[in-house]
Amino acid sequence: MVGVKEKISRLSSGTLTARQNIQHFLDTISATNKTVNAVLSLNPHALAQADAIDAKRKNGSPMGKLAGLGIIVKSNICVEGLIANCASKTLANYTATYDADVISRIKAEDGIIIGMANQDEFACGISGETSAFGKTQNPAAPGFVPGGSSSGSAAAVAAGYCDIALGSDTGGSIRNPASHCGVVGIKPSYGRVSRYGLIDLSMSLDQIGPLSTDVYGCALMMEVISGYSSNDPTTQDSHASHYTTAANKNIRVATSPDFDKLCSDNRILSLVNSAVAAYKPSTVRLEHIDLAIQTYYPLVYVEFFSGTRKFDGRRYGLKIEESCGDEVLRRILGGREISKAEHAGKYYRTALAVKQKIADELHEAFKHVDVIVLPTTPILPHKFGDKLSVEDSYAYDAYTIPANLAGICAGVVPVGVIGGVPVGMQVFARDEMTLFSFLNEVSHVSKR
Amino acid sequence: MDRTESIRAQATAIMNNFFEALTRAKVSSDSYGVKATKQTRHPKKRDADPRAEFKGRMLANASSKDHDYIIAEKKKW
């Protein structure tokens, strides 16, 4: 597969047209998506939009940063005129009536939306198995789950269906599938990217982010989608930086012994540690990191219950409780239960208090180091058909959730394979410039 | 036990297990957030299907209406 930088070079020079690029993706989707099931619907205007980009280039007009590149979008992000069904029967035929901020920015930079990606239903999942429209396969490791909830986005990149995909990450939903599918994935700092137009799972934790075959593709997309928006009051009042050229030779790298007790497969820990051994990482202590899962889920349950009250069957499709899968229903009913007046908020407020402790520990660590390196998941992806308890499913998030709780950015790059299954190394960073500085440097160790 | 009740019971058990684990962090739920003494949700009053009375409530709350239609003018409601 051609890297994004090389693809842009070919588009700029004219050796490749936007139409050729998009047609290639559409042909590839047509050939294999029936098996992979990464894409739920296509943009019927994609080729016409590609032709418009080619005409614009021929006229000598200034071109956007994403000119001619093909983008696939997770189905919980609104693209005007396309189905935003969150992979649920609840919104089966819901056509978005407006563009999310990230989509407006992509279009302004001449990116072409190819279609909508499959996902775990309403982003409630870690495997890509809970979509109402069928499981997504893992193109990089057939028979193993692709991860979730941005399963289709990661699989689409791995299968060669697009240059860059968009996913959303609340507790690891970009990074988990990025690791399992052997691609690069970024969860931005909270507030770095506007959530306007994202159908929320948990408003205080959600972020939209990119997935691509290389760090450059993700960095480029971050340059496009980052920045303040008046549509989302939680966005940071800062302009996007030049992530594609971020470089810093003096990055202080750390790991933490507190990660070891969370890991169920030491091969993963060994692979990740060997990838950064040359940096002679220091160690930081993160005392409460092993409570991340227990902190996260009460918050998500309550916020998701709140956010789904609008799906009452009057305006947006069906009543969610009557049309959703088990995990979605579990979060709604659990959220309803623990937010009852009789509990006086103890579940949610206790979780908020521990969330603050975890965040404080990470922010304290970043006073002394620049990046913290760790595995993405404590175990390799399971195989389709394997039965997991709910708690075992939630345990996949042990390494990814802390970044969401602290609101920091995190990225995943492939660092090797174990038994034919890709493994991604995760990096926490104080900010995106630092993150991309390190990822730009370390990505040469990735093995596909 | 029907599906809904089974899932509700499971979710509640998970939340209780998680809450017990969080007590290890020695934080008090009183130490964070604002206690809302008013506007708390009362399941008995709210969880009944409100669809039957929804229309009536909407029309009753509307400042301007014409039979079954709510007349909503900018900045006037």
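**Exercise 1.** Work out how much area is buried between chain A and chain B in this predicted model, and which residues of chain A supply the most of its part.

*Solution.* Start with the total. About 3,300 Å² is buried between the two chains, chain A and chain B. Next, split that area by atom. Carbon and sulfur atoms give 66% of it. Now turn to chain A alone. Arg314(A), Arg349(A) and Thr350(A) supply 19% of the area that chain A buries against chain B. No other three residues supply more.

**Exercise 2.** Find the salt bridges and polar contacts that link chain A to chain B.

*Solution.* Count the salt bridges across the interface: there are three. Take one of them, between Asp290(A) and Arg24(B). Its closest N and O atoms are 2.7 Å apart. The cut-off is 4 Å, so the pair qualifies. Then count polar contacts. Six residue pairs, both at pLDDT 80 or more, make them between chain A and chain B.

**Exercise 3.** Describe the side of chain A that touches chain B.

*Solution.* List the helices first. α9 (292–307), α10 (326–338), α11 (346–365) and α12 (390–395) of chain A each supply at least two residues. Rank them next. α11(A) gives the most, with 10 residues. Finally, sort by class: 18 residues are nonpolar, eight are polar and 14 are charged. On the two sides, the contact takes 40 residues from chain A and 32 residues from chain B.

**Exercise 4.** Sketch the make-up of chain B.

*Solution.* Chain B has three helices and two strands. Along the sequence they run α-α-α-β-β. Of the 77 residues in chain B, 18% are buried. The accessible surface of chain B is about 6,400 Å². Carbon and sulfur atoms hold 52% of that surface.

Methods. Residues are numbered from 1 along each chain as its sequence is written. Chains are lettered from A and ligands numbered from 1 in the order in which they are written. This is a predicted model: local features need pLDDT of at least 70, side-chain atom pairs count only at pLDDT 80 or more; totals for chains, interfaces and linings use all residues. Side-chain values use heavy atoms; hydrogens and water are left out. Contact means heavy atoms within 4.5 Å. Buried area is the accessible area (1.4 Å probe) that two parts lose on being put together, summed over both. A salt bridge is a side-chain nitrogen of Lys or Arg within 4 Å of a carboxyl oxygen of Asp or Glu. A polar contact is a pair of N or O atoms within 3.5 Å; within protein, one must be able to donate a hydrogen and the other to accept it, and residues adjacent in sequence count only if both atoms are side-chain atoms. Helices (H or I, at least four residues) and strands (E, at least two) are DSSP runs, numbered from the N terminus. Ala, Val, Leu, Ile, Met, Phe, Trp, Tyr, Cys and Pro count as nonpolar, Asp, Glu, Lys and Arg as charged, and the others, Gly among them, as polar. Buried means under 20% relative accessible area, exposed over 50%, partly exposed in between (1.4 Å probe, protein chains only). Accessible areas come from the Shrake-Rupley method with a 1.4 Å probe; for residues, only the protein chains shown count as cover.
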